[in-house]
2 protein chains.
Amino acid sequence: MPELRQNIATKEWVIISTERAKRPEDFKTTKEKKEIPSWSEKCPFCPGNEKMAPLATFELKDEKGNWKTRCIPNKFPAVSMEGSLERTVDGIIRKMSGVGIHEVIIETPIHNTNLALLSEHEVGGIIYTYRNRYLTASKDERIKIIILFKNHGIAAGTSIEHPHSQLIAVPIVPHNIRFRNEEALRYYDETGECVFCKMLNDELKFKERIVLETGSFVCFVPYAGLSPFHMWIIPRKHNASFGNITDSEISDLAKNLKIILSKMYYGLNNPDYNLVFRSAAVGDENEDYFHWYIAIVPRLIKQAGFELGSGIYVNPTYPEENAKFLREIKIY
Amino acid sequence: MPELRQNIATKEWVIISTERAKRPEDFKTTKEKKEIPSWSEKCPFCPGNEKMAPLATFELKDEKGNWKTRCIPNKFPAVSMEGSLERTVDGIIRKMSGVGIHEVIIETPIHNTNLALLSEHEVGGIIYTYRNRYLTASKDERIKIIILFKNHGIAAGTSIEHPHSQLIAVPIVPHNIRFRNEEALRYYDETGECVFCKMLNDELKFKERIVLETGSFVCFVPYAGLSPFHMWIIPRKHNASFGNITDSEISDLAKNLKIILSKMYYGLNNPDYNLVFRSAAVGDENEDYFHWYIAIVPRLIKQAGFELGSGIYVNPTYPEENAKFLREIKIY
């Protein structure tokens, strides 16, 4: 019998579809190994080619003065830095000027590497860079939400090889983010507790969906995981905004994230995935009811007409089995 | 300057991204022509192979007694017909038995054809079949919403060649359907008007996003179209539920849908697409505030981390240009 599960925080429903059940091993991708050079003369993200890209907004440098991470405005931005906020509400015409921030975070000078293969220290440098860009964006008075994300691989929406992440900040709070906030606030008003703290504590008690615990962070497959190997990495200590992360938490998150991405890399053969920071809207950074986390979504199945029409997901795997599979993957 | 647009009914936001702007022609897919036979001995949807599939729930027959459309339970159903509704709400454990209906609607006996290539009369027979299955599902007391949909092509989530649609009916109303209903109800309470009627009437006045008008239906690219060539086909006359469609409206919808799918087939070279009926929840079939429609979503771009994290879409084309392009496509 299939099972409908609901996420207590996001209220999303998923059908755990036993009739279509697959084993975790079935999702090991079979990618062709492509020979990619460690430096490419055509890549604007490679060292030496900085002139092919816009001017950097931030660089993290090593002792010799070479950059380790580098941030640049997106050359084809979804939203524009320039311009003021103009809004029209006239019948069905509801529009705003598309102002905002769209940056690329180049994660490493090495063209052909992978976040999963970098050292813990290097991943820490990337998270440090994320925080810098996040806090800088949050100072722009036009900005309401900041989305930090990474698209890895073609199924996840990128064809650029050089490892990079992106930040897009926009002047609106869309309804599905508003909805999550309202639901979290309602839960808090009813119980006096952050619903994400509740989830984390219950998952720690149940244990079966935990993938990895480190000092300050826990990675688990949510009870109502929407797709195979969908994971959350969440800080143990209540904190509404990624921007509030401390230096020592950055080190611990680097450790956690590096191990999780390596488990995916070795266990599922470098799957395409999206990684998204879900953090409070600007101005809500210190609220008691919201809790930031990272969602990792391997792109192993397709969403089709049913998901589009209903908003209900269909997951052909059990979150408990996903977690067990990843726990057992050894990192080399 | 990019433009943020909001759909007055669904409240969804889209960034019309001029920096990444593409012309409608750029989305013409370049599929390899595959030789597919008109009948396949291995296909459980082909005539003569009925024994390979579950027993039919409905068949539409021609004068000779041969089926023209055929409905069967899905062999690997996402939800199960059997069983009673059991629900558990205990902390983060929120689950229900996955009962419901999952049917396949075989659209034609011909293995290698395409909805776009069938006659208006044949498309009418398919819509007639849809209505039959929709009304039958709505009589099941466990069912709250019915999703009728079609996945065409691999990017849309199907690898089965034989033309078919699906119906999935589930015992819950998920929050994003509830949200649309609440927003539509709020608009109705404020203005005394159905927000979808408002959209339709305004689009008819503006004209520039209309793709096709027939007697009872209008096809347009919404002002805040979420992706290239995203279209709605909506009845002119207010009606909350697809199940209420009349026979003469079925004929007119067949005409409209056949032309629209043909324009996509010839103009965009048979793109992969999802087609979804958005209809009132069970029990709300005669409400004044909701209005059913068909959404057609060609799968020409990928949703990535930003869309996942924000719920905001990025459309690299102008809805007005999409509509103009399709208006000008001649059907052979």
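In chain B of this predicted model, strand S12 (residues 231-235) and strand S14 (residues 293-298) run antiparallel and are joined by three bridges. Within that pairing, Trp232(B) sits opposite Ala295(B) of S14(B). Helices and strands here are DSSP runs, numbered from the N terminus: H or I over at least four residues for a helix, E over at least two for a strand. Two strands are said to pair if DSSP finds at least two bridges between them. Residue numbers start from 1 along each chain as its sequence is written, and chains are lettered from A and ligands numbered from 1 in the order in which they are written. Since the model is predicted, local features need pLDDT of at least 70 and side-chain atom pairs count only at pLDDT 80 or more, while totals for chains, interfaces and linings use all residues.

Zooming out, S12 and S14 belong to an open, antiparallel sheet of ten strands in chain B, ordered S3-S4-S7-S9-S8-S13-S14-S12-S11-S10. Strand S3 (58-61) and strand S10 (210-213) are at its edges; each has a single partner strand, so one side of each is left without a neighbour in the sheet. On average, neighbouring strands of this sheet are turned by 15 degrees against each other, direction ignored. For such angles, axes are lines fitted to C-alpha atoms (for helices, over the stretch in contact), and the angles run from 0 to 180 degrees between N-to-C directions.

Another sheet draws on both chains. Its five strands form an open sheet with mixed pairing, in the order S5(A)-S6(A)-S1(B)-S2(B)-S15(B). At the edges are strand S5 (87-90) of chain A and strand S15 (313-315) of chain B, each pairing on one side only. Here the average turn between neighbouring strands is 25 degrees, direction ignored. Inside this sheet, four bridges tie strand S1 (residues 3-6) of chain B to strand S2 (residues 13-16) of chain B, and the two run antiparallel. Gln6(B) has Trp13(B) as its bridge partner in S2(B).

Strands also pair across the chains with S1 on the chain A side: strand S1 (residues 3-6) of chain A and strand S6 (residues 93-97) of chain B run antiparallel, with three bridges between them. There, Leu4(A) faces Met96(B) of S6(B). Overall, 63 residues of chain A are in contact with 63 residues of chain B, contact meaning C-beta atoms, placed from the backbone, within 7 Å. The chain A side of this interface comprises 33 nonpolar, 18 polar and twelve charged residues. In that tally, Ala, Val, Leu, Ile, Met, Phe, Trp, Tyr, Cys and Pro count as nonpolar, Asp, Glu, Lys and Arg as charged, and the others, Gly among them, as polar.

How do the two copies relate? A turn of 180 degrees with a shift of 0.0 Å along the axis lays chain A on chain B with an RMSD of 0.0 Å, which is the relation of a two-fold axis. In chain A, the C-alpha nearest that axis belongs to Asn176(A), 4.2 Å away from it. Both copies use the same surface, with 100% of the contact residues of chain A recurring in chain B. The superposition is by least squares on the C-alpha atoms of residues with pLDDT of at least 70 in both copies.

As for helices, H4 (residues 247-267) of chain A has 21 residues, which at 1.5 Å a residue should span 30 Å, and its end C-alpha atoms are indeed 30 Å apart. The expected span is 1.5 Å times one less than the number of residues. After H4(A) comes Asn269(A), with a positive phi near 65 degrees.

Note on methods
Two residues are in contact if their C-beta atoms, placed from the backbone, lie within 7 Å.
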